Amino acid sequence: MADVISTIGEGFKQSFLMAYEVWWALVLGFAISAIVQAWVPREKVESALSGTGFKPLAKATGFGAASSSCSYAAIAIAKSLFQKGASAVTALAFQFASTNLVWELGLVIWILIGWQFTLAEFVGGIVMIALMAILLRRFVSPKLEEQAREHAVHAQVKHQHRSVGEQMGWRERFTSVSAWSDVAHNFRGDWKMLWKEITIGFLLAGFIGLLGDDFFNFLFIEDAPPVLKTLENVIVGPIIAILSFVCSVGNAPLAAVLWSGGIGFAGVIAFIFADLIVLPIIFAYAKYYGWAFALRITALMFVTIVLSALAIDLVFGAVGLVPDTRPTRDDIFGSIELDYKLVLNALGLAIFAALFYLTARRGATDPVCGMKVDRAKAVTFEHVGRTYYFCSDHCRSQFEADPDGYTRKGGLPAEAHAAGHAH
């Protein structure tokens, strides 16, 4: 029993140390993403992504790269764009870019396993988008695309924040508490959506890191020609990602453990690329677009992931960019010392706390969906002398239909009590 407790403790310790290694990068990446989401007008993005030519595809890639790295947020935004006129190719390009060409993922990968993997991630993301655009019509007909759009219209997600920062000039935004409140609420919303994936990713990495190399030798072919080993790795890598249920930034720590354990360069890249085809997201595709379209775009993405990983492995191998050495477990999980990481992590903690404090000071909880909203910009409803705040007209309508049911179910939010006393 003592050995079991010790092993569990070591797993949690390794998970914490890996999280410590990349904490500042996560906060910085999410903060940049929140600024873009809050201050870049969505209407401009939507109008720019209609059509199937190079220009809309390039714009979709650029907007995606400047957007959130959360896989769930990426597919929800892509669905919204698709509903409002974006083509399937630009919507999928947005998804690929927003999960493979973003700040926080690149920083985390760089810290954990090296700049070569970050470069491979960014170059590979562009290759995937190009391959997806070329192969799309092999998997999805124009008729099926329109059927999926009709299905998506009926699966409309009604919850959204109202941002004032979009209407301000950049100089005004930097000095406006209201504009920074928009940023803070997007920051908090992304963390709320993704914290489970990140936590699971670090926990899996921490405990899998306790396994010996024999475990990884069982998963991957060792005694085989290099070509066969590479092909097996780029197929097994995405399958591990699909079955692990971990996506987005949560993939990075597990990728580091796989690299340390013996999987090839191409397999690691394919594993990281596969965050958009994990099982929960495949089910989300089915809910958004219907099963026919969902299965076809999943197959399309799997093919583009494998081909892109092979292409990156071939090119990087030819120019000598594939790392010759692998990190040890100690290298991956690191340690806490008085160095630049401690300073950056303290700064990251201060930024995290400041943005969350801003949502607490100005925010209220939507009693229907649980979203944190800015009271100054929220939709409101008076009930029994108290004010309730909502993220959208949709949530307010649901509350209006059964206000007593919602107040009984969750009790009166603290914000409602405070508003009631103020009146």
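Here is a friendly exchange about helix α16 and its surroundings in this predicted model.

Me: Why are α8 and α16 called oblique to each other?
Reply: Helix α8 (residues 142-154) and helix α16 (residues 291-318) pack at an angle of about 120°, their axes being 9 Å apart. Roughly perpendicular covers 65 to 115 degrees and roughly antiparallel begins over 145, the rest above 35 being oblique. The two helices are therefore oblique to each other. As for handedness, α8 passes α16 in a left-handed crossing.

Me: Which residues of α8 meet which residues of α16, and of what class are they?
Reply: From α8 come Leu 144, Glu 145 and Ala 148, and they meet Ala 292, Phe 293 and Arg 296 in α16. By class, the contact of α8 with α16 has four nonpolar residues, two charged ones and no polar ones. Glu and Arg count as charged, so Glu 145 and Arg 296 make up the charged pair of residues here.

Me: What makes α15 oblique to α16?
Reply: The axes of helix α15 (residues 279-289) and α16 cross at roughly 140° and come within 7 Å. Only angles over 145 degrees count as roughly antiparallel, and that makes α15 oblique to α16. The crossing in which α15 passes α16 is right-handed. On the α15 side, the contact is made by Ile 282, Phe 283, Tyr 285, Ala 286 and Tyr 289; on the α16 side, by Trp 291, Phe 293, Ala 294, Ile 297, Thr 298 and Met 301.

Me: How do the residues of the contact of α15 with α16 divide by class?
Reply: There are 10 nonpolar residues, one polar and no charged. Tyr and Trp count as nonpolar under the rule used here, so Tyr 285, Tyr 289 and Trp 291 belong with the nonpolar residues of this contact.

Me: Why are α5 and α16 described as oblique?
Reply: Their axes cross at roughly 55° and come within 13 Å. Roughly parallel needs an angle under 35 degrees and roughly perpendicular starts at 65, so the α5 and α16 pair is oblique. This crossing is right-handed. Ala 88, Leu 92, Gln 95 and Phe 96 of α5 make the contact with Phe 293, Ile 297, Leu 300, Met 301 and Thr 304 of α16. The contact of α5 with α16 has seven nonpolar residues, two polar and no charged.

Me: How many cavities are counted, and what lines the second largest?
Reply: The count comes to three cavities of 30 Å³ or more. The second largest holds about 40 Å³ of space, which puts it within that count. Its lining consists of Phe 82, Ala 88, Ala 91, Leu 92, Gln 95, Tyr 289, Phe 293 and Ile 297.

Me: Which helices supply at least two residues of that lining, and which gives the largest share?
Reply: α5 (88-100) and α16 each supply at least two. The largest share, four residues, comes from α5. By class, the lining of the second largest cavity has seven nonpolar residues, one polar and no charged.

Me: How do you know that Asp 313 touches residues beyond its sequence neighbours?
Reply: Asp 313 is found in helix α16. Leaving out residues up to four places away in sequence, Asp 313 touches Thr 230, Phe 265, Ala 266 and Val 322. Phe 265 is 48 residues from Asp 313 along the chain, and their C-alpha atoms are separated by 6.6 Å. Contact is judged on heavy atoms within 4.5 Å.

Key: Residues are numbered from 1 along each chain as its sequence is written. This is a predicted model: local features need pLDDT of at least 70, side-chain atom pairs count only at pLDDT 80 or more; totals for chains, interfaces and linings use all residues. Side-chain values use heavy atoms; hydrogens and water are left out. Axes are lines fitted to C-alpha atoms, for helices over the stretch in contact, and angles run from 0 to 180 degrees between N-to-C directions. A crossing is left-handed if the near helix is turned anticlockwise from the far one by less than a right angle, and right-handed if clockwise. On a 1 Å grid over the protein atoms alone, a cavity is a set of points where a 1.4 Å probe fits but cannot get out, and a pocket is an open set with protein on both sides within 12 Å along at least five of seven lines; lining residues have an atom within 4 Å of a point. Grid points are joined across faces, edges and corners, and a volume is the space filled by probe spheres set on the points.
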